[in-house]
Amino acid sequence: MRRVSPVTRERERLQKRQARLDTMSSLHRPVCSAREAVCARGRRPEEVIVRPAFVVTPEVDRWQSAAPPPPTANLVKPHGIALQTYLVALFEAQARRRSASTSPINDRPLVASERDEIGWLDLVASPVFANPTKTKERATEKDNRLRQLKAALRTLEKCGLIALKGKEFRNGRFEGFQLQHESGAPGFTGSPQYKIPFPSGDMIRLPVAFFLQGWIHTLSPAEVATYLMFHHLARRYPREHQEAGVYISGFNREEKYGLSRDVYESHRALSTFGLIELMPDLTRRADGRVKQFNERVRRGEMLLPHRFKVFGDAQLNRNSLTVVRNSLKRLIARS
């Protein structure tokens with residue numbers, strides 16, 4: 001077995017990430033343009049509102065069993081597009097409908113049949129490999145993208161985030177899929193049907209540039225999930241976020257947000273891309289581990305976590321593909 005050093009392993013990871021991004025590069029501009037067109041035909045929301053139940057586990061009293069992880073935690077798949085697909089569906093619903101507390105009806109086809117029509121395949125970006133199928137014909141890039149979209153919709157159905165028509169293998173069951181509540185749990189609100197929320201309380205408010213500049217598909221699922229977590233913390237603790245930045249302990253990160261340490265480590269990429277500001281505790285190493293941990297615990301010292309601030313529209317209003325590509329090139333050159 002070939003022994004690989006941590007430096008080599010990290011370089012290979014970055015190169016694979018770069019290669020995956022390259023396979024989506026031809027879709028970046030068309031997909032962003034299609035999202036702009038949705039806004040032009042409906043309304044251009046300043047923000048896309050997401051209920052906290054999508055990101056954080058609701059509070060339970062001590063007599064209840066532990067609540068399941070929030071839907072976001074189940075959608076963090078390295079090469080999946082389910083998280084992207086659901087958030088884009090929320091964007092589409094809020095861009096087409098003008099009032100809160102309404103249940104949008106999805107009449108958009110998966111694949112556009114007319115020249116000026118926009119289908120779901122036009123709004124979601126995924127790698128565009130053309131692989132051979134079991135038949136004599138080779139699957140086209142469009143065929144494979146449609147297959148990935150349908151796989152994402154199956155995953156969302158299993159998580160209770162959308163409703164599909166009929167049983168598996170029924171023709172047309174993916175057409176007209178209906179959004180369900182962000183919690184993925186009908187009992188949480190009494191009704192599983194999605195309704196556009198009011199922008200109040202600690203709702204997560206994603207600037208529309210997150211979608212129109214393509215961050216939703218150029219970031220990895222782990223990075224999107226971590227970004228959503230920091231957005232929720234910033235909304236929940238606005239004064240702390242403004243003054244010193246927000247933080248999250250390892251226990252709360254896993255128990256409340258369902259995010260592992262590996263997923264959380266994507267905060268480094270978010271900082272490199274300029275979406276968040278990392279204010280590190282100088283007593284920690286680059287990997288986040290505390291220097292002289294045992295000795296400091298023995299002395300009873302307080303162990304401070306890293307703190308973070310989430311940047312606003314100015315940083316999001318950049319071409320995400322260019323930003324992420326250039327950042328990856330610099331990281332690979334340094335590794």
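1. Contacts of threonine 72. In this predicted model, threonine 72 touches Phe54, Val55, Leu83, Ala225 and Leu228, leaving aside residues up to four places away in sequence. Threonine 72 itself is found in helix α2, which covers residues 71-74.

2. Burial. The relative accessibility of threonine 72 is 2%, so the residue counts as buried; the cut-off for that class is under 20%.

3. Polar contact. Phenylalanine 54, one of the residues that threonine 72 touches, also offers a polar partner: the threonine 72 side chain reaches the backbone oxygen of phenylalanine 54 at 2.4 Å.

4. Cavity count and volume. Turning to internal space, the model has 1 cavity of 30 Å³ or more. The volume of the largest cavity is about 90 Å³.

5. Lining residues. The largest cavity is lined by Ala89, Glu92, Ala93, Arg96, Arg97, Pro104, Ile105, Asn106, Trp120, Phe177, Gln178 and Leu179. By class, this lining divides into 7 nonpolar, 2 polar and 3 charged residues.

6. Elements behind the lining. Two elements, α3 (82-96) and β3 (178-179), each supply at least two residues of the lining of the largest cavity. Helix α3 gives the most, with 4 residues.

7. Which residue in contact with threonine 72 has its backbone oxygen reached by the threonine side chain? That residue is phenylalanine 54, at 2.4 Å. Which element gives the most to the lining of the largest cavity? That element is α3.

Technical notes: Residues numbered from 1 in each chain as written. Predicted model: local features only at pLDDT ≥ 70, side-chain atom pairs only at ≥ 80, totals over all residues. Heavy atoms only, no water. Buried < 20%, exposed > 50% of the residue type's maximum accessible area, 1.4 Å probe, protein only. Polar contact = N/O pair within 3.5 Å; in protein donor to acceptor, adjacent residues only side chain to side chain. Contact = heavy atoms within 4.5 Å. 1 Å grid on protein atoms, 1.4 Å probe; cavity = no way out; pocket = protein on both sides within 12 Å on 5 of 7 lines; lining within 4 Å. Points joined across faces, edges and corners; volume = space filled by probe spheres on them. Nonpolar A, V, L, I, M, F, W, Y, C, P; charged D, E, K, R; others polar.
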